[in-house]
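User: I should like to go through the reasons behind several assignments made for this model. Please set each value against its criterion.

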Amino acid sequence: MTDFAPLVSTVSAAFLGSFVEVVEAFTIVLAVGLTRGWRPALTGAALALALLAALVLAFGPLLALVPITALQFTVGVLLILFGMRWLRKAILRSVGIVPLHDEEAAFSKETAVLRQQAGDRRADYLAGLAAFKAVLLEGVEVVFIVIAVGGAHGQTLNAGLGALAAFVLVMIIGLAVHRPLARVPENALKFVVGVMLTSFGIFWTGEAIGADWPGADLTLLAIFAVMALASFAIVRWLRDAHRAPTGSHLR
């Protein structure tokens, strides 16, 4: 059970976090493909994936040279910062202070931009560049999530499999329906991932500074529960403070 808890937590965090990022990248690539053709869309996406792979191969082995305590502390602090950023946005969006991210709107906006560039002789180049940037930027976040949630406890492979599963699922669904995944509850996913990443960060930072967690890795579940309850309490408090309408906005 002690080994099962961190495995499930690692794979789940990598899968959910990667799913959100892949959906955002897929939306842009789909817009490019339907507007300018699949050649620039797939070329830009392939070049970005190749660059990401080269970066992982170049810098991934360096992690083995870092002392485990230093790695846990660095990754832990970064996860807290990264997770809190996601969690903050999700909380503000759930309350209505910040508008929800709409993949359908993002798709329409990117399509409009590409159509405006249709008369430019560099239209295919600009379209491919849009796909390249989308895949590269979201891909960097996926790589960070995989390394962060898997690297500190030697579960990078499991985290990578979780990210790969997210990629395959988005591709299957997206290509099947041939439209942006506008119905994906992205804000709810970001809320959960934000809580998970922050929990990982707290746990690993504690381990790095010598904390003796009761229950060992099972403490992750307790930290996650506390973070989730605190986050929902903040959401409720903000809704009352801003007199937001009742009902959940987590989507």
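User: Why is the contact of lysine 190 with glutamate 24 called a salt bridge?

Analyst: In this predicted model, the closest N and O atoms of lysine 190 and glutamate 24 are 3.4 Å apart. A salt bridge requires a side-chain nitrogen of Lys or Arg within 4 Å of a carboxyl oxygen of Asp or Glu, so the pair qualifies.

User: What makes this pair a tie between parts that are apart in sequence?

Analyst: Lysine 190 belongs to helix α7 (residues 186-208), whereas glutamate 24 belongs to helix α1 (residues 4-36), so the pair ties together parts 166 residues apart in sequence.

User: Are lysine 190 and glutamate 24 buried or exposed?

Analyst: Both lysine 190 and glutamate 24 are buried, a term that stands for under 20% relative accessible area.

User: How many salt bridges does a search of the whole structure find, and what makes the contact of arginine 85 with glutamate 141 one of them?

Analyst: The search finds 2 salt bridges. For arginine 85 and glutamate 141, the closest N and O atoms are 3.7 Å apart; the limit is 4 Å, so this contact also counts as a salt bridge. The pair links distant parts of the chain, with arginine 85 in helix α3 (residues 68-95) and glutamate 141 in helix α5 (residues 123-151), 56 residues apart.

User: Why is arginine 85 called partly exposed?

Analyst: Its relative accessibility is 34%. Partly exposed covers the range between the 20% and 50% limits, so arginine 85 falls in that class.

User: Which class holds isoleucine 173, and where is this residue found?

Analyst: Isoleucine 173 is found in helix α6. The relative accessible area of isoleucine 173 is 32%, which lies between 20% and 50%, so the residue is partly exposed. Isoleucine 173 also helps to make a nonpolar surface patch of about 710 Å², together with residues including Leu157, Leu161 and Phe167. Patch residues need over 30% relative accessible area, so the 32% of isoleucine 173 meets that condition.

User: What lines the largest pocket, and how do its residues divide into nonpolar, polar and charged?

Analyst: The largest pocket has a volume of about 810 Å³. Of its 31 lining residues, the closest to the centre are Val22, Leu49, Leu52, Val142 and Phe167. The lining divides into 25 nonpolar, 4 polar and 2 charged residues.

User: Which helix gives the most to that lining?

Analyst: Helix α6 gives the most, with 9 residues. Each of α1, α2 (38-59), α5 and α6 (156-177) supplies at least two residues.

Notes: Residues numbered from 1 in each chain as written. Predicted model: local features only at pLDDT ≥ 70, side-chain atom pairs only at ≥ 80, totals over all residues. Heavy atoms only, no water. Helix = DSSP H or I, 4+ residues; strand = E, 2+ residues; numbered from the N terminus. Buried < 20%, exposed > 50% of the residue type's maximum accessible area, 1.4 Å probe, protein only. 1 Å grid on protein atoms, 1.4 Å probe; cavity = no way out; pocket = protein on both sides within 12 Å on 5 of 7 lines; lining within 4 Å. Points joined across faces, edges and corners; volume = space filled by probe spheres on them. Nonpolar A, V, L, I, M, F, W, Y, C, P; charged D, E, K, R; others polar. Patch = residues over 30% accessible without salt bridge, like charges linked within 9 Å, V, L, I, M, F, W, Y side chains within 5 Å. Areas by Shrake-Rupley, 256 points an atom, 1.4 Å probe, with all protein chains shown as cover.
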